[in-house]
Amino acid sequence: MPRYASVLLPQAIDHELTYGIPDALAGTVRPGVRVEVPVRGSRVIALVTALSDRAPEGMSIKPVTRVLDEAPYYDEAAMRFLHWVGEYYLAPRGAVLRTAWPEAARHIYKRERAAPAVLPEPAPGSLEVPRTLNPAQDAALRAIATAVATRRFESFLLHGITGSGKTEVYLRAAGLVLEAGRSTIVLVPEISLAIQIVAWFRARFGIKVVVLHSRLTGADRGKALDEARRGPRIVVGARSAVFAPVTALGLIVVDEEHEPAYKQEETAPLYHARDCALERAKLASCPVVLGSATPSLEVAAQAKAGRMTLLELPERVDGTPLPRVELVSMKGVASTQALSAPLARALEETVARGEQALLFLNRRGFAPVLLCTSCGHVPRCARCSTNLVLHAAEGRLLCHWCNTAVAVPRQCPTCAGGALRAVGLGTERVESAVRDLIPEARLVRMDQDTTRRREAHGELLELFASSDILIGTQMIAKGLDFPRLTLVGVILADASLDMPDFRAAERTFQLLTQVAGRAGRRAVQGRVIIQTYSPDHPVIRAAADHDYWEMYGAESALRKALHYPPYGRIIRFRLAAGTLSLAGEAAKRLTECLCRHLPPKAVLLGPAPCTPAVVAKRHRQHLVLRGQNMAALREAAHAALAEFARWPVSSKVRLHVDPDPLNVMS
Ligand code: ADP
Ligand code: ZN
């Protein structure tokens, strides 16, 4: 009998600790089970990774105090998956466990009798089961069913516009998996926006559905995870559900795979749940289905290259035609004018007909810049290298990076002379322009400022059901389904197009397609008006044509020429420090370390200041390592980071290591 166990703690450390196995627990401590161990006077839940007969020398070994699981919490494939996440994302292995285990799993809670983990959500709309699939759905389901039946890894891109019946394919595929006695993990970008999907799964599979709700806290979340292990289940959750400890994984579905919410930012591992889903499915030898109306270029390129099976659902199930899209050039229009003449007229007509309109602008506040007309002074944040955004309703200037707020000055603080002018557009200004245009219209504005209270989101949507015009940021771009909504106005497509980010055009296409999809969803054709300074931009044109592959063609040619993903791989390093000189010195050190290990043909870009360079008094610098082969880049990064860590001052610098970054700017 092995007498020692290596255990991993859910903490940001890379190595395992060794504990003794007392006779009473012999045979129950196995790889994959959770145990309770003493750590510096307290008790911590940890994961057993291996057993051995010999203790490491020269250390006093404490015993495991409790075994939590009879059957392993993670099976062998899941254990290998956890290991992979740490390696791939260059993160301490314990940090992976910390991400995988919610607060509750890391502490001890009283076990109670199994209760259905979460109550069903109220189900809006019809939950009827369509009796027959259309031919495209049928072909898609058959392809997935074959992979399910033969239990092999295969990745599918299910490409279909909103309303083309993707969810129905997920439901049927998950049903087949359940019949085969296996589990499905369904990932959604944000569980609070997935009420509809959850309702459908519940209506069909009842208590077999476990929802990992972000609102579940403490013990409830732990219980939901226990429920996921109780037998074949369908687990629905946001990105961390990719770590769910399910029994006999048979399928993973990633809905809206292109959504940035799948990427964890800030806390290591900076993993992408879609890429993790691909790896977990590979290790578990099961299929994975990635669904989207606007696939990420990374995924689409794999499908084009034949490394992923492309399944297309080209039409809406109910035959509703796609909305008519008109581009309106804003060239020559004042930067403070929210509504062009065509959009103003369309709004008036829509409201007069008793229909609804939606106005989208991905920028909150009244105006992004306040400017002194006599000296040119622009109020800036005292803690960040950014300007302050005018929030007129609250009478203050707000930093969107650190939330510092100051009262709107009456006169220019620098010259005390000229008038201050609000330059540019935000959702508040759009609201006031619409109020001036149609004073009797009932308006609802939804952005971070109006939805601070958790309930506000639902309340405002309810209010909109009996209102005329909804104005908002990207939080209104998806999911909404209002039958009387026939007009969508995009106030300024350039707001996202002009970002200094190589994915800006792709992201703009996704947003435009999503928001356009809100118009005319019940048999009537909707109308979309896109205001832009770049009406000839190929990606704006592609959005107007509803042509994903047109966008793909234009964008992938650019990416190829620049060796950007998906035609090159990158790892981004971001350093933040309390002073500019320390940040600069750290960046120089890291550059030297990386240069010593630079793989052939790889290039190192930077160091350069991030945008913004200073956030909350932290000075930030970044470096980008780019090459063709991710394994070679990771190896170089690994070696360089080990060297960098030996620099005595490195502990004063916060370092982010981001393989396959989404954010390449801030
Ligand atoms: P998507 O996920 O692509 O947006 P859904 O799967 O939600 O599309 O389908 C849109 C609507 O069409 C839903 O109300 C769904 O119940 C219905 N639906 C899906 N497939 C069929 C079908 N084959 N026959 C009739 N209705 C269907
Ligand atoms: Zn700030």
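## Briefing: zinc site, cavities and backbone details

Asp660 counts as buried, because its relative accessibility is 16% and the cut-off for buried is under 20%. That value, like the others here, comes from a predicted model. The points below cover a zinc ion held by four cysteines, Cys381, Cys384, Cys399 and Cys402, a cavity and a pocket with quite a few charged residues in their linings, and some backbone spots to look at, including two cis peptide bonds that lead into Pro566 and Pro612.

**Asp660 and Leu90: positive phi**

- Asp660 has a phi near 50 degrees, which is a positive value in a residue that isn't glycine.
- To find Asp660 on the model, go to the segment after β27.
- Leu90 is another non-glycine residue with a positive phi, again near 50 degrees.
- Leu90 sits in the loop that runs between α1 and α2.
- Is Leu90 buried or exposed? Leu90 is buried, because its relative accessibility is 17% and anything under 20% counts as buried.

**The zinc site**

- Which atoms hold the zinc ion (ligand 2)? The protein donors are the SG atoms of Cys381, Cys384, Cys399 and Cys402, lying 2.3 Å from the metal.
- The geometry is tetrahedral, with angles of 104 to 113 degrees among the 4 donor atoms.
- Read along the chain, the donors of this zinc ion give the spacing C-x2-C-x14-C-x2-C.
- Cys399 is a buried donor, since its relative accessibility is 0%.
- Cys402 has a relative accessible area of 18%, and it still counts as buried because the limit is under 20%.

**Leu398, next to Cys399 in the numbering**

- Leu398 belongs to strand β17, which covers residues 396-398.
- With a relative accessibility of 2%, Leu398 is buried too.
- Leu398 and Val408 are 10 residues apart along the chain, and their C-alpha atoms are separated by 9.4 Å.

**The largest cavity**

- How many cavities of 30 Å³ or more turn up in a search of the whole structure? There are 4 of them.
- The largest cavity has a volume of about 70 Å³.
- Its lining is made of Glu265, Glu266, Leu270, Arg572, Phe573, Arg574, His656, Asp658 and Asn663.
- Two strands, β24 (569-577) and β27 (654-659), each put at least two residues into that lining.
- β24 supplies the largest share, with 3 residues.
- By type, the lining of the largest cavity splits into 5 charged, 2 polar and 2 nonpolar residues.

**The second largest pocket**

- The second largest pocket holds about 870 Å³ of space.
- There are 30 residues lining it, and the closest to its centre are Leu90, Ala91, Pro92, Ala268 and Val657.
- So you meet Leu90 again here, the residue with the positive phi in the loop between α1 and α2.
- Which elements each give the pocket at least two lining residues? They are α1 (76-88), α2 (93-100), α18 (630-645) and β27.
- α18 gives the most, with 7 residues.
- The pocket lining divides into 17 nonpolar, 8 charged and 5 polar residues.
- β27 is worth following on the model: it supplies at least two residues to the lining of the largest cavity and at least two to that of the second largest pocket, and Asp660 lies in the segment after it.

**A buried glutamate**

- Where is Glu257? Look in the loop between β10 (249-255) and α8 (273-284).
- Glu257 counts as buried, because its relative accessibility is 0%.
- The side chain of Glu257 has a partner in the side chain of Arg274, and a polar contact of 2.8 Å joins the two.

**Cis peptide bonds**

- The bond from Pro565 to Pro566 is cis, with omega near 5 degrees.
- Pro566 is in the loop between α16 (548-562) and β24, and β24 is the strand that gives 3 residues to the lining of the largest cavity.
- The bond from Thr611 to Pro612 is cis as well, with omega near -5 degrees.
- Pro612 is in a strand, namely β25, which covers residues 603-615.

Note on methods: Residues are numbered from 1 along each chain as its sequence is written. Chains are lettered from A and ligands numbered from 1 in the order in which they are written. This is a predicted model: local features need pLDDT of at least 70, side-chain atom pairs count only at pLDDT 80 or more; totals for chains, interfaces and linings use all residues. Side-chain values use heavy atoms; hydrogens and water are left out. Donors are N, O and S atoms within 2.8 Å of the metal (3.2 Å for Na, K and Ca); water is not among the atoms, so sites may look incomplete. Four donors count as tetrahedral if all angles lie between 85 and 135 degrees; four count as square planar and six as octahedral if opposite donors are over 155 degrees apart and all others between 65 and 115; anything else is irregular. Buried means under 20% relative accessible area, exposed over 50%, partly exposed in between (1.4 Å probe, protein chains only). On a 1 Å grid over the protein atoms alone, a cavity is a set of points where a 1.4 Å probe fits but cannot get out, and a pocket is an open set with protein on both sides within 12 Å along at least five of seven lines; lining residues have an atom within 4 Å of a point. Grid points are joined across faces, edges and corners, and a volume is the space filled by probe spheres set on the points. Helices (H or I, at least four residues) and strands (E, at least two) are DSSP runs, numbered from the N terminus. Ala, Val, Leu, Ile, Met, Phe, Trp, Tyr, Cys and Pro count as nonpolar, Asp, Glu, Lys and Arg as charged, and the others, Gly among them, as polar. A polar contact is a pair of N or O atoms within 3.5 Å; within protein, one must be able to donate a hydrogen and the other to accept it, and residues adjacent in sequence count only if both atoms are side-chain atoms.
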